[in-house]
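Thank you all for making the time this morning. I would like to walk you through one model and two of its helix pairs.

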Amino acid sequence: MQLKWVGWVLLGVWIGYAPVTWADKLADLIQRAEHGDAVAQTDLGTDYALGSEVAKDYPQAQKWFRTAAERGNPLAQYNLGLMYAHGEGLPTDLKEARKWFLKAADQGDLPAQFNLGLMYANGDGVPRHYAEAFKWFRKAAEQGHAIAQVDLGLMYLRGEGVAKNPDEAVKWFRLSAEQGNAIAQYYLGLCYFEGKGVSKDNQEAYVWFALSAAQGDEQAPGFLDKLETELTPKQIADAQKRAAEWHPV
C-alpha cells in the first residue's frame with residue numbers, strides 16, 4: 001500500500017479577534033486601528049479580507065495586517081503570510097509568506113506552524129527539508145492540529161525527517177483519529193491490519209476502517225470487504241456496533 005502525504009497544500013482561513021457586532025463597532029474599530037491598536041488593526045484587516053460590514057478590499061486588508069504584523073501581532077503575521085501565499089492583494093511570494101509564517105509560528109501560532117510544515121514538506125518557497133517539516137508539524141500536532149498529527153504519523157511511518165518509528169506513527173494517528181479525522185482513522189486501521197506499530201488485530205482494523213468509510217474515505221471500503229472474508233459474523237457485528245457507538249474525544 002503506497003502511503004501518501006496528507007494536507008500538503010497551503011491551507012488557511014482568515015483569523016481575527018472578531019468583535020461581537022461589527023456594524024456597531026466599525027467606526028470605533030477604525031479609530032482604534034488608526035491610533036495604533038494592533039488587535040483592532042488585525043480585526044480591521046480581517047473585516048476587509050472577508051468583506052464583513054465593509055466591501056471586500058484586499059489592499060486595505062494587507063495594509064492593516066502589515067501594520068499589525070510589524071507591531072508583532074501573530075494573527076496579523078499569519079494572515080499577511082497567507083495573503084502572500086495565495087496572491088490576494090499582493091503578488092504571490094512564497095518566500096515572503098514563509099517569513100511572516102515564521103514570525104507567527106515562533107510565537108506559537110498553530111496555523112502558521114502547520115503551514116511552515118507544509119512548505120518545507122512540499123518545497124514551496126524553500127528547499128524541501130523533511131527535518132524542518134517534521135519540526136513544525138510536531139509543534140502543530142502537539143497543539144492538537146488533527147491534520148498535522150496525521151502528517152507527523154506518516155513521517156514516523158516512512159522515516160522522513162526522523163527515524164522510522166511505527167509505534168510513534170500509531171500514537172499520532174490515534175490522537176488524530178480520536179478527534180474524528182477520517183484520514184487518520186484510515187491509517188490507524190491500516191496499522192492494525194498490517195500489524196505496524198501495534199499487534200495485528202483485524203477486528204480493531206475493521207472498527208477504524210468503518211469509521212473512516214462512514215466519512216467518505218474511498219480506500220477504507222475495500223479493506224472492509226477483505227476483512228469480512230476473514231472475520232466471523234459475530235466479530236463483524238461487534239466491530240460494527242463499536243463503530244456505531246463511537247464518539248470523538
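I will begin with the chain as a whole and then turn to the two helix contacts.

What you see is a predicted model, in which local features need pLDDT of at least 70 and side-chain atom pairs count only at pLDDT 80 or more, while totals for chains, interfaces and linings use all residues. Residues are numbered from 1 along each chain as its sequence is written, and side-chain values use heavy atoms, with hydrogens and water left out.

On confidence, pLDDT is the predictor's own confidence in each residue, from 0 to 100; its mean over the chain is 92, and 91% of the residues reach 70 or more. Residues 1–11, however, stay under 50. Where pLDDT is low, the predicted coordinates should not be read in detail.

The chain holds 13 helices and 0 strands, where helices (H or I, at least four residues) and strands (E, at least two) are DSSP runs numbered from the N terminus. The C-alpha trace spans about 70 × 40 × 25 Å along its principal axes, and 47% of the 249 residues are buried, meaning under 20% relative accessible area with a 1.4 Å probe, protein chains only.

Two packed helices are described by the angle between their axes and the distance between the axes. Axes here are lines fitted to C-alpha atoms, for helices over the stretch in contact, with angles running from 0 to 180 degrees between N-to-C directions.

How do α4 and α5 pack? Helix α4 (residues 74–86) and helix α5 (residues 94–105) pack at about 165°, with axes 8 Å apart, which makes α4 roughly antiparallel to α5, since angles under 35 degrees count as roughly parallel, over 145 as roughly antiparallel, 65 to 115 as roughly perpendicular and the rest as oblique. Among the residues that meet, with contact meaning heavy atoms within 4.5 Å, are Tyr78, Leu82 and Tyr84 in α4 and Trp100 and Phe101 in α5. The residues of this contact divide into 11 nonpolar, 2 polar and 2 charged; Ala, Val, Leu, Ile, Met, Phe, Trp, Tyr, Cys and Pro count as nonpolar, Asp, Glu, Lys and Arg as charged, and the others, Gly among them, as polar.

For the second pair, the axes of α7 (residues 130–142) and α9 (residues 166–177) come within 11 Å and cross at roughly 45°, and α7 and α9 are therefore oblique to each other. Arg138, Ala141 and Glu142 of α7 make the contact with Glu168, Lys171 and Trp172 of α9, and these residues divide into 2 nonpolar, no polar and 4 charged.

Note on methods:
Buried means under 20% relative accessible area, exposed over 50%, partly exposed in between (1.4 Å probe, protein chains only).
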